[in-house]
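Please work through the exercises below with the sequence and the model open side by side. Each task is followed by a solution that goes step by step.

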Amino acid sequence: HTGGNLSARDRRTGLIVIKPTSVAYDKMRPEDVPVITLDGRIIDGGFGPSSEWPMHTMIYKSNPRLCGVVHCHSLYATAFSAAGREIPLANHELSVYCSSPVRVAPFEDPGSEELGESAIRYLGSDNNAVLLGNHGPLAVGASLWHAFDCACAIEQAAVIAFLSSQLGGTNPVPATGRAKLRACDPLMQPDTGELPVEVKAV
């Protein structure tokens, strides 16, 4: 339907493209997508930006290397957020983007600045993923592709953790493996100023 939101920032201009508010994904056209500044001023697009644009712009302001944000309401990850339970590093895909289990931020009103502040605080400096309490996962990356790949990895890990708990428990990826996988994240590599390429390890 219209739930969730995503955005991408152009490193050259600083402008942000973001999902339009209340427009179904299957009805969206390129000309509908808003282009905004870091302070939320609309530059182009047929609709207003997602109501959660403050969270997106705050995240971009917090780290100049971030160029993609994906927030969705995937079922298993959202269930973990409702239960207040971290998602363990149950698969190698999530271990590319996180150094520790995906933390759960407390519930904040959607669209509020408090939501953005909480997301940044619980992302910390070691993870590209966070669970917004009773709301769903949020993923960030060096590009929109990386953020989307991270969001998929969050949901995969949530499903794996849930199913493996029925089998007696979840064994996270070993520390040595996590270190090698984490090094594949473009955000963990020196910033050359070049546009990032796709993650090669996944």
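The exercises that follow treat the sheet, a helix, the salt bridges, a pocket and two backbone angles.

The model is predicted, so local features are given only at pLDDT of at least 70 and side-chain atom pairs only at pLDDT 80 or more, whereas totals for chains, interfaces and linings use all residues. Residues are numbered from 1 along each chain as its sequence is written, and side-chain values use heavy atoms, with hydrogens and water left out.

**Exercise 1. Give the strand order of the open sheet, and place β8 within it.**

Step 1. Helices (H or I, at least four residues) and strands (E, at least two) are DSSP runs, numbered from the N terminus, and two strands pair if DSSP finds at least two bridges between them. On that basis the open sheet has eight strands in the order β4-β3-β2-β1-β5-β8-β7-β6, with mixed pairing.

Step 2. The edge strands, which pair on one side only, are β4 (42-44) and β6.

Step 3. Strand β8 runs antiparallel to β5, to which four bridges join it, and antiparallel to β7, again through four bridges. On the β5 side, G68 has G141 as its bridge partner in β8; A139 of β8 stands opposite V70 and also opposite A129.

Step 4. Taking buried as under 20% relative accessible area, exposed as over 50% and partly exposed as in between (1.4 Å probe, protein chains only), one finds that six of the six residues of β8 (136-141) are buried.

**Exercise 2. Decide which residues of helix α2 are buried, and where they lie around its axis.**

Step 1. In α2, which spans residues 75-83, the buried residues are A77, T78, F80 and S81.

Step 2. Viewed down the axis of α2, these buried residues fall within an arc of 155° and therefore line one face of the helix, the arc being that of the directions from the helix axis to the C-beta atoms. As a general background, an α-helix has 3.6 residues a turn, so residues three or four places apart point the same way.

Step 3. On the other side of α2, L75 and A83 are exposed.

**Exercise 3. Work out which residues are joined into one network by salt bridges that share partners.**

Step 1. A salt bridge requires a side-chain nitrogen of Lys or Arg within 4 Å of a carboxyl oxygen of Asp or Glu, and the structure holds six of them.

Step 2. One of these pairs R11 with D191 at 3.0 Å, N to O. Because R11 lies in the loop between β1 (5-9) and β2 (16-18) while D191 lies in the segment after α6 (175-182), the pair ties together parts that are 180 residues apart in sequence. Both residues are partly exposed, R11 at 31% relative accessibility and D191 at 39%.

Step 3. D191 also meets R65 in a salt bridge, at 3.8 Å, N to O. This pair links the segment after α6 to the loop between α1 (53-62) and β5 (68-71), 126 residues apart.

Step 4. R103 forms a salt bridge with D126, where the closest N and O atoms are 2.7 Å apart. Here the loop between α3 (92-97) and β6 (104-105) is linked to the loop between α4 (113-123) and β7 (129-132), 23 residues apart; D126 is partly exposed, at 23%.

Step 5. The network that results from shared partners consists of R11, R65 and D191.

**Exercise 4. Describe the lining of the second largest pocket by residue class.**

Step 1. A pocket is defined on a 1 Å grid over the protein atoms alone, as an open set of points where a 1.4 Å probe fits, with protein on both sides within 12 Å along at least five of seven lines; lining residues have an atom within 4 Å of a point.

Step 2. The second largest pocket has a volume of about 240 Å³, that is, the space filled by probe spheres set on the points, which are joined across faces, edges and corners. Of its 17 lining residues, the closest to the centre are N63, G124, S125, N127 and N128, and α1 and α4 each supply at least two residues of the lining.

Step 3. Counting Ala, Val, Leu, Ile, Met, Phe, Trp, Tyr, Cys and Pro as nonpolar, Asp, Glu, Lys and Arg as charged, and the others, Gly among them, as polar, the lining has seven nonpolar, six polar and four charged residues.

**Exercise 5. Locate S22 and N134, and state phi for each.**

Step 1. Most residues other than glycine have a negative phi.

Step 2. S22 has a positive phi of about 60° although it is not a glycine; S22 lies in the loop between β2 and β3 (35-36) and is exposed, at 62% relative accessibility.

Step 3. N134, with a positive phi near 55°, sits in the turn of the hairpin that β7 and β8 form with three residues between them, and N134 is exposed at 51% relative accessibility.
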